Amino acid sequence: MKQNLKAIFYSFPVQLILLHLKKFQVLLLFWLVLFGAINGSFMATFGMDSLYLSPEYLGKVNALSASIVGATVGIFIMSWNVTTFILFSRHFRFLATATRPFLKYCINNAVIPLIFLIFYFIRAVDFDMHKELMAPAEIITLVAGFLLGLLLIIFISFGYFFGADMHIARNMINLDPSPLPLHRGVRSHIVLNSGGSRLIKVTTYFSGRGKVKAVRDVSHYSKDFLENIFNRHHLAAVLSIFIAFVFLMVIGFILDYDIFQLPAAASITVFLAIFVAVVGAISYFLQSWSMPFAVLVIIVVNLLYRYGIIDPTNKAYGLDYRKDIPKAEYSPASLKRLSTNEKMESDKTRMLEVLENWKARQGTEKPYLYLVAVSGGGTRSATFTMGVMQKLDSISGGELMRQTFMITGASGGMLGAAYFRALSRERDLGKPIVLQDPVYVDDISRDLLNPIFSSFVARDLAAPAQKFRVGNYEYVKDRAYSFEQQLNKNTRYLLDKELGMLADEEHKALVPAMIFNSVITRDGRKLLISTLPVSFLMRPAGDSRLQDASDPDAIDFAALLEKKDPMNLRLLTALRMNATFPYVLPNVWLPTEPKIDVMDAGLRDNYGVETALRFTHVFSDWIRANTRGVVLVQIRDRQGGGWEYPFESKDISEIVTRPMLLLQYNWHKMQQYNQQDLLGLTSDLMEGRFQKLTFQYQPEKEESRAALNFHLTQREKNDIVRALDDKANRQTFQHFGSLLKSDTTVMQLTER
């Protein structure tokens, strides 16, 4: 028994694993990333597991999409084998004398890849069965497709290396394998069977046919002879990695064509494969200098960015970033100029015209003023918002958008609301659109995550910069561009407009006004994007003596960037700036001095309530005189009350991390508590003429809750649709209907 255990311990597969743990742990991190991704423990909030377990290609999850991911997993496995072969082969010199040394190395190095594949298939079957709700036949097809792609790459790779082995063998015939003097050959005190390392001892290995064979003694071969063989194998290995990198660059150039938009998991895996090779190359050539080299690279890149030699920042598509045009000033003095009493009064007068235009379309002397506030929450919020607005429109007899004056909010909710508004306008123009058609829920719930990650790998990291134009201005294609293009396709190209194209319709109140929000990371101020002037929202309404006029907490985007062509901004870009999901989408940098960048509106007001209440306060006099009051329709993707996702300590490590993560876990809840105060104050101000209708997504079961990202599984989509009919939402829909009836009654009495 002891002898068998000893034989296992000194076998090549076991010693390879030990060598990974001893010398190059960094290479195991890549496997940890893949294990974490498919387990749902790495980037879970971004939906990373769904990208791997249910890969999508050309809008479908099928055998083809699975085979592409399988092929890229094969590329990663072979890259890892190639890299570790280069790093480790000199520890195992017996391989140099074997036929097909790389094949034998891969067979003995297959423990981790095999564990990963078994784990992947277990997770994929479970995920597709319970979250994508696939039939067994569909799951078997996906597994077969994955295996086909994986085996195809492995066979191609081994075919390539078999050819390299034959070429190397022909060229090695004339080399003298005879022993050299001791100082040039293999030293006698080293474990010769393992080929020259005091740390490693190998007695057996698996052959190409899977049989256990004893390691040959290579002490009679010269060191130069063995090194020559390995060097030639390394050259063949490096060439294969270079081909993979070129492939990724080419994909980056042709990513605009749907057929070349690989599943995101495929692009990520190819990138990891290349990164493994890069890390291995640095470790191989620089040895102990690897860390200083990495630090030097970071310093150099930072200097290049600081002095404007490289510029990886994302831009707002449509704005003027030309260097010969002065940048907009961002300073206390400039903000004070944008929010003077005269400027705010002028903008209020313009907005009063819009309010009068809206009122003229209502058919009653004193209608309810409907404001819609939608929450952030990625695609789940977009889908829930679309479903709620469809039902509200149905109850109102197709009049929801006519009765609504303004829509505001954050992130995903604004995606759904903007699409619904665009569909409603198309219907008003005579297009054959049935707003309650479930196909529009399917549209807005389609995947947005795949193009983002694919572009991030193929464009942002690999391919040289490519340009595109919006009007007269040129921008670089990156993952933000891919996000906008995919959103454009998902919404039937109805959002493919510049803000200026919507200005007249909003001014005439033919469509509800939309205020898009972003947060300026420099100081936390809110950036308000609208086709209408909104300087009156830059400061809280009320007694100006209680406020510092030079320190507004919000900025009118169009006024700040007046000379930067603000109305040329793409509507899709305004939506993206409103929904800049951290890390998934890049922050947007604006042409100001000093530079400022903006990110997701949820950082400041995830529910859209703050903007709606400030608007109500500013126009409270007009509202009291011309309407029956304000109805705030709040559509939110999470439960109120702060009971969702409690911040609990389960591990001892959280004693240290808890203070740092407290704000992150409770940010949205604290916003909600503050907004409850604002709602109470507004209700008092309006003297009973303020009502709030709240629709919220509450899953049937907590474990089936839709993830907060830009990808939904079929189970999550079904759960969101069912949530529209839960008890609380049904009661709120009924309340909305009763408000409409009271409006109708008032209109009939007025007509009499």
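These are legends for a set of close-up views of one predicted model.

The model is predicted, so local features need pLDDT of at least 70 and side-chain atom pairs count only at pLDDT 80 or more, while totals for chains, interfaces and linings use all residues. Residues are numbered from 1 along each chain as its sequence is written, and side-chain values use heavy atoms, with hydrogens and water left out.

**View A. Annotated transmembrane region, residues 102-122.** The unreviewed UniProt entry puts the label "transmembrane region" on several stretches, including 102-122, 235-255 and 261-286. UniProt positions follow the numbering used here, feature names are shortened, and annotations may be inferred rather than shown by experiment. Residues 102-122 come out as 90% helix and 0% strand, with 29 Å between the end C-alpha atoms. Helices (H or I, at least four residues) and strands (E, at least two) are DSSP runs, numbered from the N terminus.

**View B. An aromatic cluster with W31 and F146 among its members.** W31, F35, F76, W80, F116, F119, Y120, F121 and F146 all belong to one aromatic cluster. Rings of Phe, Tyr and Trp (its six-membered ring) pair if their centres lie within 6.5 Å; planes under 30 degrees apart are stacked, over 60 edge-to-face, and the rest tilted.

**View C. Y370 against F736, one aromatic pair in a structure that has 24.** Searching the whole structure turns up 24 aromatic pairs. For Y370 and F736, the ring centres are 5.8 Å apart and the planes sit at 70°, so this one is edge-to-face. Y370 is in strand β5 (residues 368-374) and F736 in helix α28 (residues 727-751), so the pair ties together parts 366 residues apart in sequence. Y370 is buried at 1% relative accessibility, and F736 is buried with a relative accessible area of 1%. Buried means under 20% relative accessible area, exposed over 50%, and partly exposed in between (1.4 Å probe, protein chains only).

**View D. F384 and Y697, a tilted pair.** Here the centres are 6.1 Å apart, with 55° between the planes. F384 belongs to helix α14 (residues 378-395) and Y697 to the loop between β16 (690-696) and α27 (714-723), so this pair ties together parts 313 residues apart in sequence. Both F384 and Y697 are buried.

**View E. Charges over the rings of Y321 and Y317.** The charged end of K315 sits over the Y321 ring, 5.8 Å from its centre. R576 lies over the face of Y317, 4.8 Å from the ring centre. The criterion is NZ of Lys or CZ of Arg within 6 Å of the ring centre and within 35 degrees of the ring normal.

**View F. R123 and D126 in a salt bridge.** The side chains meet at 3.8 Å, N to O. A salt bridge is a side-chain nitrogen of Lys or Arg within 4 Å of a carboxyl oxygen of Asp or Glu. Both residues are in helix α7 (residues 111-130), 3 residues apart, or about one turn of the helix. R123 counts as buried at 16% relative accessibility, whereas D126 is partly exposed at 38%.

**View G. A salt-bridge network that includes E610 and R604.** K526, D553, R604, D605, E610 and R614 are linked by salt bridges. Within this network, E610 and R604 meet at 3.2 Å, N to O, and both are buried. The whole structure has 30 salt bridges.
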